[in-house]
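Here is a short, friendly tour of one protein chain, meant to be read with the structure open beside you. Please take a moment to look it over before moving on.

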Amino acid sequence: MARTLKSDKLLFLATLLLVSVSVVMVYSASAVQAAARYQAASWFLYKQLAWAVLGITVMLVVMRRDYHEYRRPALIWSLVALAAGLLVLVFFFNPRNGTYRWITLAGVATLQPSELAKLVIVLFTAAVLDRRMHRVNDPAFALLPIGAVTFGLTALVLAEPDFGTSAVIVGIVVVMLFTAGLAYRYLIWTAVVLVPAAAVFVLESSYRRRRLMTFLDPWQDPLGDGFQIIHSLYAVGSGGLLGRGLMAGIEKLYYIPEPHTDFIYAVIAEELGLVGTTLTLACFVLIAWRGLRASLLAPDRFGSLLALGLTSMIALQAFVNISVVTKLLPTKGIPLPFVSNGGSSLLINLVAMGILLNISQQGSPGAVPAAARRVSDWTLEGQGA
């Protein structure tokens with residue numbers, strides 16, 4: 001059973017701090033627009049607070065459940081079927097901003113199935129690799145089931161369309177396969193196939209081409225496609241060391257569309273300055289470090305792979321989101337984990353943290369050398385040494 005008195009306090013506190021930042025900054029970023037749209041400045045605050053309370057409650061429950069329960073094939077395949085079914089169901093609801101990404105409940109609450117798909121693919125990949133690690137380089141035995149499920153879920157997410165989330169899902173799987181010791185030839189062939197395919201997918205779509213051109217030079221259309229990223233940079237650059245002050249930001253006032261969602265990091269930069277963004281970034285670095293530590297100290301291979309996948313899920317999303325806000329990557333609809341407004345994202349990420357905390361509970365603090373040797377053995381085994 002899990003040693004529930006030995007949770008990773010740093011991991012837990014970093015998560016709670018990010019959720020607290022979310023509640024405060026979602027209100028700051030959305031109050032003006034919520035007052036105009038819903039005649040209630042606290043509209044998004046109350047929704048985010050409700051999801052935060054629900055998510056933290058679920059996290060506390062999940063962190064006390066033995067993570068080995070998620071290894072059961074019946075549960076894994078049920079979750080895969082649920083994720084696929086929900087990803088199909090989104091097409092029966094009205095689109096928002098030209099995309100089919102949300103399921104509306106009772107006309108108010110919305111669910112985003114692609115968030116669940118990320119968690120499901122981590123659980124599925126960890127379970128398959130755990131059982132088939134001895135033949136990880138056998139395409140039919142180990143790679144085919146992982147590839148088939150990843151392709152199926154990714155194709156449904158792409159059809160919404162949501163290229164950013166699809167890329168994150170594929171990235172998580174590649175990280176897990178690489179760590180499991182997948183032969184380099186398969187990784188090279190994966191890159192040879194995926195990179196041109198992604199390029200074609202981007203270039204065949206007019207709005208994706210515009211996003212790419214905007215990324216290269218947003219000032220060629222400063223009042224059109226480049227408007228959002230230009231004002232994001234203004235927000236980041238104008239915050240200085242300490243920022244303009246909470247609630248005192250300017251760029252959130254209709255210059256950055258929906259500032260409480262994907263571009264909330266820009267609002268943090270403008271209002272809380274370099275100090276605020278550095279502390280936020282430090283929380284993600286801390287989560288990545290403690291997550292990798294939990295993976296290294298996990299008592300078995302399934303726990304190690306699962307911790308790695310969950311950590312990658314959080315870290316990749318944070319990296320992409322912050323890179324988009326600071327114009328290091330083209331615009332993608334990837335929320336900042338734990339911080340951006342959105343119930344589905346917050347809930348799923350907190351469930352992931354609950355599982356990760358349970359894995360950390362069962363780790364052995366003095367097992368670093370042994371764990372390092374174990375990971376090395378996996379790699380050698382996968383490479384056929």
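The notes below go through aromatic pairs, charges over rings, a surface patch, one helix residue and some backbone details.

## Aromatic pairs

Do keep in mind that this is a predicted model. It holds 6 aromatic pairs. Take Trp-77 and Phe-124 to begin with: their ring centres are 5.2 Å apart and their planes meet at 75°, which is over the 60 degrees required, so the pair is edge-to-face. This pair connects distant parts of the chain, since Trp-77 belongs to helix H3 (residues 73–89) and Phe-124 to helix H4 (residues 113–132), 47 residues apart. How buried or exposed is each partner? Trp-77 is partly exposed, at 48% relative accessible area, whereas Phe-124 is buried, at 2%.

Phe-91 and Tyr-100 make up another aromatic pair, this one tilted, with 5.6 Å from centre to centre and 35° between the planes. Both rings belong to partly exposed residues: Phe-91 has a relative accessibility of 31%, and Tyr-100 has 29%. You can also look for a cluster in which ring pairs link Tyr-38, Trp-43 and Phe-44.

## Charges over rings

Which residues lie over the face of an aromatic ring? Arg-290 is placed over the face of Trp-289, at 4.6 Å from the ring centre. Lys-327 does the equivalent with Phe-215, at 5.1 Å from the ring centre.

Lys-327 deserves a second look for its backbone. Its phi is near 60°, a positive value in a residue other than glycine. Lys-327 sits in the loop between helix H11 (301–325) and helix H12 (343–361). With a relative accessible area of 23%, Lys-327 is partly exposed, because that value lies between the 20% and 50% limits.

## A nonpolar surface patch

On the surface, Phe-178, Tyr-184, Ile-188, Trp-189, Val-192, Val-193 and Leu-194 make a nonpolar patch of about 750 Å². Which helix gives the largest share of the patch? That is helix H7 (residues 184–203), with 6 residues.

Phe-178, also part of the patch, lies in helix H6 (residues 163–180). At 45% relative accessibility, Phe-178 counts as partly exposed.

## A buried threonine in helix H10

Thr-277 is found in helix H10 (residues 264–297). Is Thr-277 buried or exposed? Its relative accessibility is 10%, which is under the 20% limit, so Thr-277 counts as buried.

What does Thr-277 touch, leaving aside its neighbours within four places in sequence? Its contacts are with Tyr-265, Ile-268 and Ala-269.

## Backbone details in the loops

Two further loop positions are worth visiting. The peptide bond running from Glu-160 to Pro-161 is cis, with omega near 0°. Pro-161 occurs in the loop between helix H5 (139–158) and H6.

Met-247, which is not a glycine, nevertheless has a positive phi of about 75°. You will find Met-247 in the loop between helix H9 (227–238) and H10. Its relative accessible area of 40% makes Met-247 partly exposed.

Key. Residues are numbered from 1 along each chain as its sequence is written. This is a predicted model: local features need pLDDT of at least 70, side-chain atom pairs count only at pLDDT 80 or more; totals for chains, interfaces and linings use all residues. Side-chain values use heavy atoms; hydrogens and water are left out. Helices (H or I, at least four residues) and strands (E, at least two) are DSSP runs, numbered from the N terminus. Buried means under 20% relative accessible area, exposed over 50%, partly exposed in between (1.4 Å probe, protein chains only). Contact means heavy atoms within 4.5 Å. Rings of Phe, Tyr and Trp (its six-membered ring) pair if their centres lie within 6.5 Å; planes under 30 degrees apart count as stacked, over 60 as edge-to-face and the rest as tilted. A charge sits over a ring if NZ of Lys or CZ of Arg is within 6 Å of the ring centre and within 35 degrees of the ring normal. Patches are made of residues with over 30% relative accessible area and no salt bridge: like charges are joined within 9 Å, nonpolar side chains (Val, Leu, Ile, Met, Phe, Trp, Tyr) within 5 Å. Accessible areas come from the Shrake-Rupley method with a 1.4 Å probe; for residues, only the protein chains shown count as cover. A salt bridge is a side-chain nitrogen of Lys or Arg within 4 Å of a carboxyl oxygen of Asp or Glu.
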